[in-house]
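This report covers the salt bridges, nonpolar cores, surface patch and backbone angles of one chain. The sequence and structure come first, followed by the account.

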Amino acid sequence: MRIMSASASLVEAVASAVPWPQVLLFGDSITQLSFQQGGWGASLADKLVRKCDVLNRGFSGYNTRWAKIILPRLIRKSSNAENLVAVTIFFGANDSALKDENPKQHIPLEEYTENLKNMIQYLKSVDVPESRIILITPPPLNESAWEKECIAQGYKLNRMNLVVGEYAKACLQMGQSCGTDVLDLWTLMQKDNEDFSSYLSDGLHLSPKGNEFLSSHLWPLLEKKVASLPLIFPYWRDVVEVKPEHSLLGDGDH
């Protein structure tokens, strides 16, 4: 028979009940790569350390057709949904691939829009409201740089910036109609006819400067959703030396 002291039992009970909020980043390779050194996801995780976990759920090469299928396997009402304070949905770079040159990743524009709507509706069904969701449009495409990547792999240019822009516009409109926040990366990176090539490492994926750009523009939207989160467990100088459990078994709001 297991015998446990009252204090030990209390410690175990309280420790198991500590809620740890989460921000979930859901997207394609631009999300998957975001935890690399200097990545936008890593930057958010650093800002939110000891306030919430930032989870990378990026899937290189994926489009919204595949994303809506796997989303219920990532977030369920009975598990982690109640701890989610924010979810980013960042797809479109693959959906917008040209059908003739890249039929496997290409998703028709109307279906892309419906897939985004489907994912938002699913999140709402598991108690993640619109107020916690941020849509991110695909970034602009540097065609000349990306064409070099395609040719090196034996392909023709399989994306066009104007087409990506149509998907970005659809993403923006879907967010507005559903009541979610939207970060229009495609427009922001080209504001005032700015040369956006330095934001991209290969014409499609983000460079260090592009990661910094995304992080700096996403943070104001995310900060609104996490501003009330306290530091989890007290600052070390605030821990009572004689009986630390008095400090450590509180609500952690220090």
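## Salt bridges

The count of salt bridges comes to five. The structure is a predicted model. Three of the pairs are listed here.

| Acidic residue | Basic residue | Closest N to O distance |
|---|---|---|
| E111 | R65 | 2.7 Å |
| D127 | K77 | 3.7 Å |
| E130 | K124 | 3.1 Å |

The bridge between E111 and R65 joins two helices: E111 lies in α5 and R65 in α4 (residues 64-74), so the pair ties together parts that are 46 residues apart in sequence. E111 has a relative accessibility of 23% and therefore counts as partly exposed. R65 is also partly exposed, at 34%.

The bridge between D127 and K77 joins two loops. D127 sits between α5 and β4, while K77 sits between α4 and β3, so this pair links parts that are 50 residues apart in sequence.

In the bridge between E130 and K124, E130 has 24% relative accessibility and counts as partly exposed. K124, with 40%, counts as partly exposed.

Beyond these pairs, a network of salt bridges links D181, K224 and K225.

## Nonpolar cores

Which residues of the largest nonpolar core touch the most other members? They are V23, W40, L214 and L222, in a core of 37 residues. Two or more residues of this core come from each of β1 (22-27), α3 (40-47), β3 (84-90), β4 (133-136), α6 (143-152), α7 (161-178), α8 (185-188) and α9 (208-226). The element that gives the most is α9, with seven residues.

The surroundings of L222 can be given in detail. When neighbours within four places in sequence are left aside, L222 is in contact with V23, L44, L48, A86 and I134. Apart from the largest core lies another core, made up of 28 residues, including F26, I89, M119 and M174. In soluble globular proteins, nonpolar side chains tend to be buried together.

## A nonpolar patch on the surface

Some nonpolar residues are found at the surface instead. W20, F233 and L248 form a nonpolar patch there, and together they have about 230 Å² of accessible area. Of these three, F233 is placed in the loop between α9 and α10 (245-248). Its relative accessible area is 31%, so F233 is classed as partly exposed.

## Positive phi angles

Most residues other than glycine have a negative phi. Which way does the sign of phi fall at D127, positive or negative? D127 has a positive phi of about 70°, although it is not a glycine. The residue belongs to the loop between α5 (109-125) and β4. With a relative accessibility of 45%, D127 counts as partly exposed. The side chain of D127 is the one that meets K77 in a salt bridge.

D192 is another case: its phi is near 55°, a positive value in a residue other than glycine. D192 is found in the loop between α8 and α9. How is D192 classed by accessibility, buried or exposed? D192 counts as exposed because its relative accessibility is 70%, and the cut-off for that class is over 50%.

Key
Residues are numbered from 1 along each chain as its sequence is written. This is a predicted model: local features need pLDDT of at least 70, side-chain atom pairs count only at pLDDT 80 or more; totals for chains, interfaces and linings use all residues. Side-chain values use heavy atoms; hydrogens and water are left out. A nonpolar core is a set of buried Ala, Val, Leu, Ile, Met, Phe, Trp, Tyr and Cys residues joined through side-chain atoms within 4.5 Å. Buried means under 20% relative accessible area, exposed over 50%, partly exposed in between (1.4 Å probe, protein chains only). Helices (H or I, at least four residues) and strands (E, at least two) are DSSP runs, numbered from the N terminus. Contact means heavy atoms within 4.5 Å. Patches are made of residues with over 30% relative accessible area and no salt bridge: like charges are joined within 9 Å, nonpolar side chains (Val, Leu, Ile, Met, Phe, Trp, Tyr) within 5 Å. Accessible areas come from the Shrake-Rupley method with a 1.4 Å probe; for residues, only the protein chains shown count as cover. A salt bridge is a side-chain nitrogen of Lys or Arg within 4 Å of a carboxyl oxygen of Asp or Glu.
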